[in-house]
Amino acid sequence: MNTALINMAMQTTLAAIEPRTIAQRAAESAHENLWITAGYFLAAIVGVALLLSFLGMALIYIERKVAAAFQCRIGPNRVGPWGLLQTVADTLKLVFKEDFVPQMADRTLHMIAPFLALLVPVVLLALIPYSPALQVADLNIGILFITAIGGFGVMGILIAGWSSNNKWSMIGAMRAGAQIISYELSATLALLVVVLFSGTMSLTGIVQSQEDGWWIWRGHAAGLCAFIIYLVASTAELNRTPFDIPEGESELTAGFHTEYSGLRFAFFFLAEFINMFTVSALTATLFLGGWMPFHIGDWTSFNSAMDAIPPSIWFLGKVTAIIFVIMWFRWTFPRLRVDQLMHLEWKVLLPIGFANLFIAAIIVLANAYPYPVAGQ
Amino acid sequence: MISDATYTVMFYGLSATVILLALLAVNARQLLRAALGLMGMLALSAGLYVMLRAEFLAGVQILVYVGGIVVLIVFAIMLTRSSELLEDHPAKLTRILGATFSIMFMLIACYALGTTKFTESESTQAVRDEVRDIGLALLDRGANGYLLPFEAISLLLLVAVIGGTVVARKTPPKHQPFTTGGDLRGETVAHPPLVQDDEHVVESKS
């Protein structure tokens with residue numbers, strides 16, 4: 001009887017820590033009452049707002065410190081300890097600035113565009129598995145959804161450029177559109193390589209498929225190649241240097257957000273940084289094993305030491321590393337011209353991407369992984 | 001999992017918004033606003049598909065219609081001077097004809113909806129791995145497979161891609177002073193240097 005009790009207790013504990021996504025929990029608790037669902041919605045909105053503001057401020061602070069380090073400066077150091085409150089002060093300044101809409105602009109669209117731009121990264125945040133227990137929704141069409149929503153992202157920029165009724169904004173928006181649509185192809189091809197390797201489109205499934213080794217090295221050169229292509233194409237989709245011709249301040253003032261000020265400009269700014277986080281998180285999830293710890297073959301003691309680090313710390317560490325690389329790009333490469341940009345995508349990345357996908361298919365068919373694959 | 005009341009609220013909320021956005025798409029005076037309405041409408045219909053447990057269809061809907069077609073439409077609008085193409089007052093005949101056909105279509109649709117018997121599908125109860133099913137069905141050579149249509153569509157898309165490239169390709173004029181390749185590949189200028197007089201660009205005699 002005692003053993004039965006212990007068994008029951010064990011089972012309930014296991015059920016409690018069994019990984020479930022936040023969406024599942026919300027749906028379960030909302031079984032009876034509509035108001036609980038409404039409460040979940042409210043809590044979700046507050047939580048997302050807090051997360052966004054924190055992430056945005058933290059990333060901007062990091063960006064400024066990293067930029068300073070690359071240029072042998074100190075960076076923000078006056079407001080608060082180590083200048084930590086500098087971005088808070090800047091954000092407050094942006095909030096209290098006048099929200100200016102040009103007289104000849106399309107007022108409604110001018111107002112909507114920043115929200116559209118911010119919508120996409122926020123939706124994508126929901127799909128990322130932060131740890132085995134922390135994920136908002138695990139769709140079984142995860143990758144497809146990411147591609148779909150990512151294509152939607154260009155709309156905010158296009159509409160911002162058009163509605164401002166300004167030539168610079170318009171040129172910036174057209175450049176952004178052409179650039180994002182082009183580079184989306186390569187990014188999708190790189191994503192498909194991972195889908196081929198792991199045999200699933202669910203992000204948690206992809207993380208779990210990397211238990212024996214991350215795809216960046218278990219997929220031979222194809223995995224590494226897909227990783228590099230995805231990183232380059234994503235940087236282009238982020239409109240960050242060296243692909244920042246949509247904003248190109250030396251030629252277009254500020255590109256598509258020339259006519260924006262105050263909180264609406266802050267939204268574009270925030271969208272860019274949240275996008276950077278999302279892209280880094282996706283790269284970490286797809287190629288670097290997400291929250292999976294780093295293991296080396298049979299080194300049992302090393303592996304168990306690695307297991308002692310919590311999964312969310314692994315995830316955050318990987319994401320931070322990739323964010324640092326993306327910031328590094330900014331101070332290393334000069335801005336590309338439009339024709340160089342198109343040349344890089346259509347004549348370099350795209351053919352390599354296709355060839356890479358083909359090679360990956362051969363690797364999967366031949367089951368020629370360096371390590372044995374679980375479940376095959 | 002979610003209670004019926006929640007579903008009902010979600011369904012009516014989504015449907016009302018979809019209808020409003022569809023009206024905006026038809027009635028907006030500015031082309032770009034109409035395109036935006038269309039975008040919102042298509043994206044929210046994907047929400048309806050999700051409620052019907054057709055997640056793959058919802059994803060493809062957003063991918064193809066919102067991310068592809070609407071973005072193309074917006075691009076086309078931005079490339080034209082759409083503000084000067086405003087057709088504020090269509091002819092009376094056009095309006096009458098349009099109204100007649102819309103009302104007729106609405107009557108037919110209402111009739112069809114009223115007379116159809118809707119049976120509850122059984123397959124909605126179990127959650128299937130629908131992506132795998134679709135993938136297997138697309139590459140199945142058997143009687144229930146779609147291999148031939150799949151290949152035919154691939155061929156059609158390939159033809160479309162090549163056709164688009166050929167149409168978009170610009171044959172440079174004979175005396176084009178520079179190539180669009182710029183200094184990327186270190187091209188040497190094939191033409192002799194050009195001399196510009198007042199009206200024409202002519203090749204120098206040297």
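This report describes two chains of a predicted model, their helices, two helix pairs and a few single residues.

Local features are given only where pLDDT is at least 70, and side-chain atom pairs count only at pLDDT 80 or more, while totals for chains, interfaces and linings use all residues. Residues are numbered from 1 along each chain as its sequence is written, and chains are lettered from A and ligands numbered from 1 in the order in which they are written.

**The two chains**

Helices (H or I, at least four residues) and strands (E, at least two) are DSSP runs, numbered from the N terminus. Chain A has 16 helices and 0 strands. Chain B has 6 helices and 2 strands, and from the N terminus its elements follow the order α-α-α-α-α-α-β-β.

A residue is buried if 20 or more other C-beta atoms lie within 10 Å of its own, exposed if 12 or fewer, and partly exposed in between, with C-beta atoms placed from the backbone. By this count, 43% of the 376 residues of chain A are buried. In chain B, 13% of the 206 residues count as buried.

Two residues are in contact if their C-beta atoms, placed from the backbone, lie within 7 Å. Among contacts in chain A with a separation of 6 or more, 78% join residues 24 or more positions apart. The corresponding share in chain B is 41%.

**Two single helices**

The expected span of a helix is 1.5 Å times one less than its number of residues. Helix 13 of chain A (residues 262–287) has 26 residues and reaches 38 Å from its first C-alpha to its last, close to the expected 38 Å. Of these 26 residues, 23 are buried, so helix 13 of chain A is largely enclosed by the rest of the structure. Just after helix 13 of chain A comes A:Gly289, with a positive phi of about 80°.

Helix 4 of chain B (residues 92–115) has 24 residues and should span 34 Å; its end C-alpha atoms are 35 Å apart, which agrees. The number of buried residues in helix 4 of chain B is 0, so this helix lies largely in the open.

**Two helix pairs**

Two packed helices are described by the angle between their axes and the distance between the axes. Axes are lines fitted to C-alpha atoms, for helices over the stretch in contact, and angles run from 0 to 180 degrees between N-to-C directions. Angles under 35 degrees count as roughly parallel, over 145 as roughly antiparallel, 65 to 115 as roughly perpendicular and the rest as oblique.

In chain A, the axes of helix 6 (residues 142–152) and helix 8 (residues 167–198) come within 11 Å and cross at roughly 170°. Helix 6 and helix 8 of chain A are therefore roughly antiparallel. A:Ile143, A:Thr147, A:Gly150 and A:Gly151 of helix 6 meet A:Glu184, A:Thr188, A:Leu191 and A:Val195 of helix 8. This contact has 3 nonpolar, 4 polar and 1 charged residues. Here Ala, Val, Leu, Ile, Met, Phe, Trp, Tyr, Cys and Pro count as nonpolar, Asp, Glu, Lys and Arg as charged, and the others, Gly among them, as polar.

In chain B, helix 1 (residues 4–27) and helix 2 (residues 31–51) pack at an angle of about 155°, with their axes 8 Å apart. Helix 1 and helix 2 of chain B are therefore roughly antiparallel too. Residues in the contact include B:Tyr7, B:Phe11 and B:Leu14 of helix 1 and B:Arg33, B:Leu44 and B:Leu48 of helix 2. By class, the contact has 15 nonpolar, 5 polar and 1 charged residues.

B:Leu48, in helix 2 of chain B, has 16 C-beta neighbours inside 10 Å and so counts as partly exposed. B:Leu48 and B:Ser15 are 33 residues apart in sequence, and their C-alpha atoms are 7.9 Å apart in space.

**Loop residues of chain A**

The table lists three residues found in loops between helices.

| Residue | Loop of chain A | C-beta atoms within 10 Å | Class |
|---|---|---|---|
| A:Cys72 | helix 3 (34–70) to helix 4 (86–96) | 6 other C-beta atoms | exposed |
| A:Gly213 | helix 9 (203–208) to helix 10 (215–218) | 22 other C-beta atoms | buried |
| A:Asn239 | helix 11 (220–237) to helix 12 (249–252) | 23 C-beta neighbours | buried |

Most residues other than glycine have a negative phi. A:Cys72, not a glycine, has a positive phi near 60°. A:Asn239 is not a glycine either, and its phi is positive at about 60°. A:Gly213 and A:Ala43 are 170 residues apart along the chain, with 37 Å between their C-alpha atoms.
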